[in-house]
Amino acid sequence: MEGRAVVEVDMTCQRCLEAVTVRIDAEFRLGLVEAEQSMVGLPDGLDPLLVRRYDTCSLARLIEDELILALPIVPKHDETEACAGKKFIADGATRTRRAFSGLGALWARAKDQE
Ligand SMILES: [Zn+2]
């Protein structure tokens, strides 16, 4: 069984904490198996879907699961969109200091005092 589900969902941008619309494009290829042992023999690229004989499988539930799996872990505004968080990242980048940047000079001074 294979398919594709495309939706747009409203989420919270993790950079600016404002609403962001994220496009979810979930493609799936599933191999239906009746027993867990059969999962091993599935061809590459197929995810197993365990379906017991005479069981029913909810298509809506299946698509919902695939969409949840395709959700971004860290939703954020696209690079082309306005995002107040980008300013903080840009400012932070210029102010970032390396934690051990002065270590070499300290080491040299300590050596001189020996
Ligand atoms: Zn944002």
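This report walks through the fold, the sheet, two loop residues and the confidence of a predicted model.

## Overall layout

The protein chain holds 3 helices and 3 strands. Going along the sequence, the pattern reads β-β-β-α-α-α, with the strands listed ahead of the helices.

Burial is scarce here: of the 114 residues in the protein chain, buried ones make up 3%. Strand E1 fits that picture, being hardly covered, with a count of 0 buried residues among its 11. As for how the chain meets itself, take the contacts with a separation of 6 or more: 49% of them link residues 24 or more positions apart.

## The sheet

The 3 strands make an open sheet in the order E1-E2-E3, and the pairing is mixed. E1 and E3 sit at the edges with a single partner strand each, so each has one side without a neighbour in the sheet. From one strand to the next, the twist averages 50°. Helix H1 packs on this sheet and touches E1 and E2; the direction of H1 makes about 125° with that of E2.

As general background, strands of a sheet pair through backbone hydrogen bonds, in either a parallel or an antiparallel sense.

## Strand pairings up close

Start with the antiparallel pair. Strand E1 (residues 2-12) and strand E2 (residues 19-33) are joined by 11 bridges. If you want residues to click on, Ala-5 stands opposite Ala-26 in E2, and Glu-8 stands opposite Arg-23 in E2. The hairpin of E1 and E2 has 6 residues between the strands, and in that hairpin Leu-17 takes a positive phi near 65°.

Now the other pair. E2 and E3 run in the parallel sense, with 4 bridges between them. Gly-31 stands opposite Pro-48 in E3, while Val-33 has Leu-50 of E3 as its bridge partner.

## Two loop residues

Pro-43 belongs to the loop between E2 and E3. Is Pro-43 buried or exposed? Pro-43 counts as exposed, because it has 7 C-beta neighbours inside 10 Å and the exposed class takes in residues with 12 or fewer. Pro-43 and Gly-31 lie 12 residues apart in sequence, and their C-alpha atoms are 8.3 Å apart in space. Gly-31 is the residue already met opposite Pro-48 in E3.

Asp-55 is in the loop between strand E3 (47-50) and helix H1 (59-70). With 8 other C-beta atoms within 10 Å, Asp-55 is exposed as well. For a distance to check, take Asp-55 and Glu-34: they are 21 residues apart along the chain, and their C-alpha atoms are separated by 9.8 Å.

## How far to trust it

The protein chain has a mean pLDDT of 85, and 87% of its residues reach 70 or more. Where in the protein chain is confidence lowest, and where is it highest? The lowest is helix H2 (residues 84-95), at a mean of 65, and the highest is E1, at 95. Where pLDDT is low, the predicted coordinates should not be read in detail.

Conventions: Residues are numbered from 1 along each chain as its sequence is written. This is a predicted model: local features need pLDDT of at least 70, side-chain atom pairs count only at pLDDT 80 or more; totals for chains, interfaces and linings use all residues. A residue is buried if 20 or more other C-beta atoms lie within 10 Å of its own, exposed if 12 or fewer, and partly exposed in between; C-beta atoms are placed from the backbone. Two residues are in contact if their C-beta atoms, placed from the backbone, lie within 7 Å. Two strands pair if DSSP finds at least two bridges between them. Axes are lines fitted to C-alpha atoms, for helices over the stretch in contact, and angles run from 0 to 180 degrees between N-to-C directions. pLDDT is the predictor's confidence in each residue, from 0 to 100.
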